[in-house]
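Biologist: Could you take me through one part of this model in close detail, residue by residue where that helps, and set it in its surroundings?

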Amino acid sequence: MKDFSKELSFKTSRSSGAGGQNVNKVETSVTVLWLVAESEFFNDDQKELIQSKLKNRINAEGYMFLTVSESRTQLMNKNKAIEKIIELVHKALIVPKKRLATKPSKGQKQKRLDTKKKISEKKENRKFKF
């Protein structure tokens, strides 16, 4: 896991939720911003992959942003924001293995046909014959 937290910038704002009167006077909500295109930690292919997979979190200027206001303190929200953005980026960099198409074996085909035949016979035996 690459730690690119040195490239992150932060904005604070007043958050809603728990905190009582403290909410109205302290800026505890933290928004983390990261300019994906100018990152020195990732190569061009990785940047392109990040931009395609996380395009809903990247604005028109190319900044990826994430807002956290879970905790009552700014420091805890900042730490959670760093963890979350690093986790999001690393999940975006994972390329799933391509599925290889396989065919059912002769035994599997025969088993399926035998099962179909048994069920058909069972239903046929239920019918009343004159």
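Modeller: I would begin just ahead of the central strand, with Thr 28, which is buried because its relative accessible area is 7%, where buried means under 20% relative accessible area, exposed over 50% and partly exposed in between, computed with a 1.4 Å probe on protein chains only. This is a predicted model, in which local features need pLDDT of at least 70 and side-chain atom pairs count only at pLDDT 80 or more, while totals for chains, interfaces and linings use all residues. Residues are numbered from 1 along each chain as its sequence is written, and side-chain values use heavy atoms, with hydrogens and water left out.

Thr 28 belongs to the loop between helix H1 (22-25) and E2; helices (H or I, at least four residues) and strands (E, at least two) are DSSP runs numbered from the N terminus. Leaving out residues up to four places away in sequence, Thr 28 touches Ser 13, Ser 15, Val 68, Ser 71, Arg 72, Thr 73, Gln 74 and Asn 77, contact being taken as heavy atoms within 4.5 Å.

From this loop one passes into the sheet, an open arrangement of three strands in the order E1-E2-E3 with antiparallel pairing, where two strands pair if DSSP finds at least two bridges between them. Its edge strands are E1 (9-13) and E3 (63-68), each of which pairs on one side only. On average, neighbouring strands of the sheet are turned by 20 degrees against each other, direction ignored; axes here are lines fitted to C-alpha atoms, for helices over the stretch in contact, and angles run from 0 to 180 degrees between N-to-C directions. Five bridges join E1 to E2, and six join E2 to E3.

The strand E2 itself is mostly covered, with seven of its seven residues buried. Both of its faces are covered, with Ser 29, Thr 31, Leu 33 and Leu 35 on one side and Val 30, Val 32 and Trp 34 on the other. Towards E1, Thr 31 stands opposite Lys 11, and Leu 33 is the bridge partner of Ser 9. Towards E3, Val 30 has Val 68 as its bridge partner, while Val 32 stands opposite Leu 66.

Thr 31, in strand E2 (residues 29-35), deserves a closer look. Thr 31 counts as buried because its relative accessibility is 15%. The side chains of Thr 31 and Thr 67 are joined by a polar contact of 3.1 Å, a term for a pair of N or O atoms within 3.5 Å, of which, within protein, one must be able to donate a hydrogen and the other to accept it, residues adjacent in sequence counting only if both atoms are side-chain atoms. Beyond four places in sequence, Thr 31 touches Ser 9, Phe 10, Lys 11, Phe 65, Leu 66 and Thr 67.

Of these contacts, Ser 9 lies in strand E1 and is partly exposed, because its relative accessible area is 33%. Apart from neighbours within four places in sequence, Ser 9 is in contact with Thr 31, Val 32 and Leu 33. The C-alpha atoms of Ser 9 and Leu 35 are 9.0 Å apart in space, with their positions 26 residues apart in sequence.

On the opposite edge, Phe 65 has its place in strand E3 and counts as partly exposed because its relative accessibility is 34%. With neighbours within four places set aside, Phe 65 is in contact with Thr 31, Val 32, Leu 33, Arg 57 and Asn 59. Phe 65 is on the uncovered face of E3, together with Tyr 63 and Thr 67, whereas Met 64, Leu 66 and Val 68 make up the covered face. Helix H3 (residues 74-92) lies across E1, E2 and E3 and runs at about 135 degrees to E3.

Lastly, the aromatic rings. The structure holds one aromatic pair: Trp 34 and Phe 42, edge-to-face, at 5.9 Å centre to centre and with 70 degrees between the planes. Rings of Phe, Tyr and Trp (its six-membered ring) pair if their centres lie within 6.5 Å, planes under 30 degrees apart counting as stacked, over 60 as edge-to-face and the rest as tilted. Trp 34 and Phe 42 are both buried. Elsewhere, the charged end of Lys 78 sits over the ring of Phe 10, 4.7 Å from its centre, a label that requires NZ of Lys or CZ of Arg within 6 Å of the ring centre and within 35 degrees of the ring normal.
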